[in-house]
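The following exercises concern a predicted model. Each task is followed by a solution that proceeds step by step.

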Amino acid sequence: MYGGDEVSAIVLDLGSHTCKAGYAGEDAPKAVFPSVVGSIDQMEVETETENNSGPAVDPKSNSKSLDSDKAKGKRKLYVGSQALGYRRDHMEVVSPIKDGVIVDWEAVEGIWDHAFRECLLVDPKEHPMLLAEPSSNTQQQRERTAELMFEKYKVPALFLAKNAVLTSFASGRATSLVVDSGGGSTTVAPVHDGYVLQKAVASSPIGGEFLTDCLTKSLESKGMMIKPRYSFKRKETRPGEFQVVDVDFPNTTESYKLYSQRVVASDIKECVCRAPDTPYDESAYSNIPTTSYELPDGQTIEIGADRFKIPDILFNPSLAQTIPGVENFAEIVPLRGLPQMVIESINKCDVDIRRELFSSILLAGGTASMQQLKERLEKDLLEESPQAARVKVLASGNSTERRFSVWIGGSILASLGSFQQMWFSKAEYEEHGASYVQRKCP
Amino acid sequence: MANAASGMAVHDDCKLKFMELKAKRNYRFILFKIEQQQIVIDKLGEPNESYDDFTSSFPADECRYAVFDFDFTTEENCQKSKIFFIAWSPDSSKVRMKMVYASSKDRFKRELDGISFELQATDPSEMSLDIVKGRVF
């Protein structure tokens, strides 16, 4: 048992796209930053810094991470939107998470370090830590997380809470079907009495990032190129008049170019896209009025049918094949739209709870906040669900709550006085080892 | 134990009064609420009170737990009664309250032995008499 309720706990939700971190008891996370890291091979940099005319590396972040890098050895990591916003030669952008599983622990450590020491300015030794984890996290992953947290960060107590359960509880339901559409993937997870029904979890790699890429490709095919912010300089020649000069950085990596393009494209997506009320149809939408968007370089583009076509990929993934550059995608993933995933998942559950699941479908995650998505999903499900079922799709009206439902759930839980006895404490870790996490945080 | 349970304590009175409802049938229903880190009794219903009296006891924007002893006659003309557990969590209540009630429910329900049916309601229509009847028959 852990008895320190005076010090507030830290709540961390490391998603595939963004990392949310903050203090338990607060309404929203203090820090929200991309969960990708910039990485430069250390050897390469050392040999090339002398003859490199590129801009000097920010000295502050340089000295800060240098000593920790020596211990790690080969590569140097840059974390946070600011560090990533700065272009560096040979910097690759890597994601520590592939298909919801952590594959690069060093990068995860980099992200945690950044959250604790640069965003929240706390010493992890002093704060219990509540981490949100994907529903499908494996036993090895959980034990490794516990080991890292206790051994490296020396946290006094730890708790691993499942994403879907936190979302479900935060909406006041112990039983629900959580549809979490995030950056890297979309997961449909049934929760019953606070347990995730693992066998019925359905997931697909179609998330916000995939939609962003489709949008980029589709715009490109129409001759609208999105220039990453680093690739040009913009000067005000006269008040209100700007001159754009392209600059060339031959040593920029492909992954960094893609990352910077995605930053712009995802903003376009968030501004103009909305889910169509009925399945997308090329001919019906060909004369739709366009919406204009001003790119960072001052160029204004007009977006028409893509506004509706891109979000519809969530409902009908085969639509992606009509976009030049994404045709091959169907070979990699089975084509299942959101409504099919929901029905498939519910049908894998016990007959007794299906009715209840149909009537409490919860939307969570950034992509699920798309305009009209809730209405469309409800409509599609009404058509495809059994007659007797009462379909109800719920999403918090408050967009912060919708986007951060997992974090908010964790924040409330960790701040409850009664929860303090539930932590997996350091003493317990020392006595029983990392595998005890399965007992304490089932 | 469910994942992310709150660890909320249950006051002994809850169990005692529930036993009285079940065995002695002293009450028609009991409402519970969470106060100062434990689950306590909010309201007791007299045996002659109706289902409407029960549903009107719920506050519109606060969460509650409740049990209701439902009397009915089967097709074979046999008098029976079943105990319903209801988790009331209106959409208009605060997130914090919803989280606390949802994460404490599993443990609390285990303390009450003899519940036949469970309903989770976010608006009055989800615990209407029709739904209750639909579950029993």
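**Exercise 1.** Is Leu338(A) buried or exposed, and how many other C-beta atoms lie within 10 Å?

*Solution.*
Step 1. Locate the residue: Leu338(A) belongs to helix H10 of chain A, which covers residues 338-347.
Step 2. Count the neighbours: 26 other C-beta atoms are within 10 Å of Leu338(A).
Step 3. Apply the cut-off: a residue is buried if 20 or more other C-beta atoms lie within 10 Å of its own. Leu338(A) is therefore buried.
Step 4. Identify the partners. Leaving aside residues up to four places away in sequence, Leu338(A) touches Thr186(A), Leu314(A), Phe315(A) and Leu377(A). Of these, Thr186(A) is 152 residues from Leu338(A) in sequence, while the C-alpha atoms of the two are 8.5 Å apart in space.

**Exercise 2.** Determine the burial class of Gln340(A).

*Solution.*
Step 1. Gln340(A) is also found in helix H10 of chain A.
Step 2. Within 10 Å there are 19 other C-beta atoms, so Gln340(A) is partly exposed. The class lies between the limits of 20 or more for buried and 12 or fewer for exposed.
Step 3. For a distance across the chain, take Glu384(A): this residue and Gln340(A) are 44 residues apart in sequence, with 8.5 Å from C-alpha to C-alpha.

**Exercise 3.** Describe chain A as a whole, and state into which domains it is divided.

*Solution.*
Step 1. Chain A contains 16 helices and 21 strands. Of its 442 residues, 47% are buried.
Step 2. Consider contacts between residues at least 6 apart in sequence: in chain A, 71% of these join residues at least 24 apart.
Step 3. The division gives domain 1 (10-164 + 405-440), domain 2 (172-205 + 333-395) and domain 3 (208-331). In the contact between domain 1 and domain 3 of chain A, each contributes ten residues. On the domain 1 side, four residues are nonpolar, three polar and three charged.

**Exercise 4.** In which sense do S15(A) and S16(A) pair, and over how many bridges?

*Solution.*
Step 1. Strands of a sheet pair through backbone hydrogen bonds, either parallel or antiparallel.
Step 2. S15(A), residues 232-238, and S16(A), residues 241-246, pair in the antiparallel sense over six bridges. Phe232(A) stands opposite Asp246(A) of S16(A).
Step 3. Two residues lie between the strands of this hairpin, where Gly240(A) has a positive phi near 85°.
Step 4. As for burial, S15(A) is hardly covered: among its seven residues, the count of buried ones is zero.

**Exercise 5.** What is the strand order of the six-stranded open sheet in chain B?

*Solution.*
Step 1. The order is S1-S3-S2-S4-S5-S6, and the pairing is mixed.
Step 2. S1(B), residues 9-10, and S6(B), residues 117-121, are the edge strands, since each pairs on one side only.
Step 3. Take one pair from the interior of this order: S2(B) (29-35) and S4(B) (64-73) are antiparallel over four bridges. Ile30(B) stands opposite Val67(B) in S4(B).
Step 4. Helix H4(B), residues 129-136, lies across S4, S5 and S6 of chain B, and runs at about 65° to S4(B).

**Exercise 6.** How many residues does each chain give to the contact between chain A and chain B? Analyse the helix packing there.

*Solution.*
Step 1. Chain A gives 29 residues and chain B gives 26. On the side of chain A, S10, H6 and H14 each supply two or more residues, and H6(A) has the largest share, five residues. By class, this side has 15 nonpolar, nine polar and five charged residues.
Step 2. H6(A) and H3(B) pack at about 120°, with their axes 7 Å apart. These two helices are therefore oblique to each other. The contact joins Ser168(A), Phe169(A) and Ala170(A) to Val95(B), Lys98(B), Met99(B), Ala102(B) and Ser103(B).
Step 3. H14(A) and H3(B) pack at about 70°, with their axes 10 Å apart. This pair is therefore roughly perpendicular. Ile408(A), Gly409(A), Ile412(A) and Leu413(A) meet Val95(B), Arg96(B), Met99(B) and Ser103(B). The classes in this contact are five nonpolar, two polar and one charged.

Conventions. Residues are numbered from 1 along each chain as its sequence is written. Chains are lettered from A and ligands numbered from 1 in the order in which they are written. This is a predicted model: local features need pLDDT of at least 70, side-chain atom pairs count only at pLDDT 80 or more; totals for chains, interfaces and linings use all residues. Two residues are in contact if their C-beta atoms, placed from the backbone, lie within 7 Å. Ala, Val, Leu, Ile, Met, Phe, Trp, Tyr, Cys and Pro count as nonpolar, Asp, Glu, Lys and Arg as charged, and the others, Gly among them, as polar. Two strands pair if DSSP finds at least two bridges between them. Axes are lines fitted to C-alpha atoms, for helices over the stretch in contact, and angles run from 0 to 180 degrees between N-to-C directions. Angles under 35 degrees count as roughly parallel, over 145 as roughly antiparallel, 65 to 115 as roughly perpendicular and the rest as oblique. Domain bounds come from an automatic or database domain assignment.
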